[in-house]
Amino acid sequence: MNLSSRSQDRKRGARFFSKSDIDEFKECFSFYARQRHIVNVEELKIIMRSLGYSPTIVELQTYYKKYQKEGKIDFATFLDIMHEHSQNEKCQEELVAAFQSHDIQRRGYVNASEVKNILTQFGEKLNKREVDALFREAKIQPNGQVKYADFIKTLLTPAPDY
């Protein structure tokens, strides 16, 4: 590979993001990636979720298998993964639509018991303790109402890693 094609490779994923996004991605990548490369699916998961994205385990495995070279993913390739994933993930819009499907009267809230049932029974299931912790963080009473606009903000705020 010559120098100009390497330079073009580095720019392929970068062209889809602002400089501030790339700086944020680079800082997170540099913090978590061992030896300046992602070397397994777990590292990819930690980095993407730390950036506020919500890839499933299957998506992470697919990205790693598709993009790794000699068991490693460099930063330029990581930007390609982020671009591909950002095309698929419209997290906030999907969550609003999901809550609205349970809010037939369009009041802006749903029963906490219904939310708890969904979180423990569907998708990447949470256990009762995880749901209780999430409700405490969002200040939701277990038998109360969930104002989903506020709840979505809580869900999409990355947890601190300290």
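A salt bridge here is a side-chain nitrogen of Lys or Arg within 4 Å of a carboxyl oxygen of Asp or Glu. By that rule the structure, a predicted model, holds six salt bridges. Several of them are taken up below, after a look at one helix.

Start with helix α4, residues 57-67. Which of its residues are buried? They are Leu60, Tyr63, Tyr64 and Tyr67. Around the helix axis these residues cover an arc of only 95°, which puts them on the same side of α4. The spacing has a general background. An α-helix has 3.6 residues a turn, so residues three or four places apart point the same way. The buried residues of α4 pack against two other helices: α3, residues 41-50, and α5, residues 75-88. The opposite face looks quite unlike this in its exposure. Turned away from the buried side, it carries Val58, Lys65 and Lys66, which are exposed.

Lys66 leads on to the salt bridges. Its partner is Glu84, and the closest N and O atoms of the pair are 3.0 Å apart. Glu84 belongs to helix α5 and Lys66 to helix α4, so this salt bridge ties together parts that are 18 residues apart in sequence. Lys66 has a relative accessibility of 52% and counts as exposed because the cut-off is over 50%. Helices α4 and α5 are thus linked in two ways: the buried residues of α4 pack against α5, and Glu84 forms a salt bridge with Lys66.

Another salt bridge stays within one helix. The side chains of Lys128 and Asp132 meet at 2.9 Å, N to O. How are the two placed in helix α8? They are four residues apart in this helix, residues 128-137, and so are separated by about one helical turn. Lys128 is exposed, at a relative accessible area of 52%. Asp132 is partly exposed, at 22%. The pair does not stand alone. Lys116 joins Lys128 and Asp132 in a network of salt bridges.

Arg107 and Asp103 make a further salt bridge, with 3.9 Å from N to O. Are its two ends buried or exposed? Asp103 is buried, with a relative accessibility of 0%. Arg107 counts as partly exposed, at 42%.

Now turn to helix α5 and its residue Phe78. Phe78 is buried, with a relative accessible area of 0%. Which residues does Phe78 touch, leaving aside those up to four places away in sequence? The list is Phe25, Phe29, Ile38, Leu44, Ile47, Met48, Leu51 and Ile73. Tyr64, one of the buried residues of α4, lies 14 residues from Phe78 along the chain, and their C-alpha atoms are separated by 9.6 Å.

Aromatic rings come next. The structure holds nine aromatic pairs. One is formed by Phe25 and Phe78: the ring centres are 6.5 Å apart and the planes stand at 85°, so the pair is edge-to-face. Phe25 lies in helix α2, residues 19-32, and Phe78 in helix α5, so the pair ties together parts that are 53 residues apart in sequence. Phe25 and Phe78 are buried.

Phe78 has a second ring partner, Phe75. This pair is tilted, with 6.2 Å from centre to centre and 35° between the planes. Phe75 and Phe78 are three residues apart in helix α5, so about one helical turn separates them. Both are buried.

These pairs are parts of a wider cluster. Which residues does it contain? Ring pairs link Phe17, Phe25, Phe29, Phe75 and Phe78. Phe75 also has a charged neighbour. Lys26 lies over the face of its ring, at 4.7 Å from the ring centre.

One polar detail of helix α5 remains. Thr77 has its place in this helix. Thr77 is buried, with a relative accessible area of 6%. What joins the side chains of Thr77 and Asp74? They share a polar contact of 2.6 Å.

Helix α5 recurs throughout this account. The buried residues of α4 pack against it, Glu84 in α5 ties it to α4, and Phe78 in α5 pairs with Phe25 in α2.

Conventions: Residues are numbered from 1 along each chain as its sequence is written. This is a predicted model: local features need pLDDT of at least 70, side-chain atom pairs count only at pLDDT 80 or more; totals for chains, interfaces and linings use all residues. Side-chain values use heavy atoms; hydrogens and water are left out. Buried means under 20% relative accessible area, exposed over 50%, partly exposed in between (1.4 Å probe, protein chains only). The arc is that of the directions from the helix axis to the C-beta atoms. Contact means heavy atoms within 4.5 Å. Rings of Phe, Tyr and Trp (its six-membered ring) pair if their centres lie within 6.5 Å; planes under 30 degrees apart count as stacked, over 60 as edge-to-face and the rest as tilted. A charge sits over a ring if NZ of Lys or CZ of Arg is within 6 Å of the ring centre and within 35 degrees of the ring normal. A polar contact is a pair of N or O atoms within 3.5 Å; within protein, one must be able to donate a hydrogen and the other to accept it, and residues adjacent in sequence count only if both atoms are side-chain atoms.
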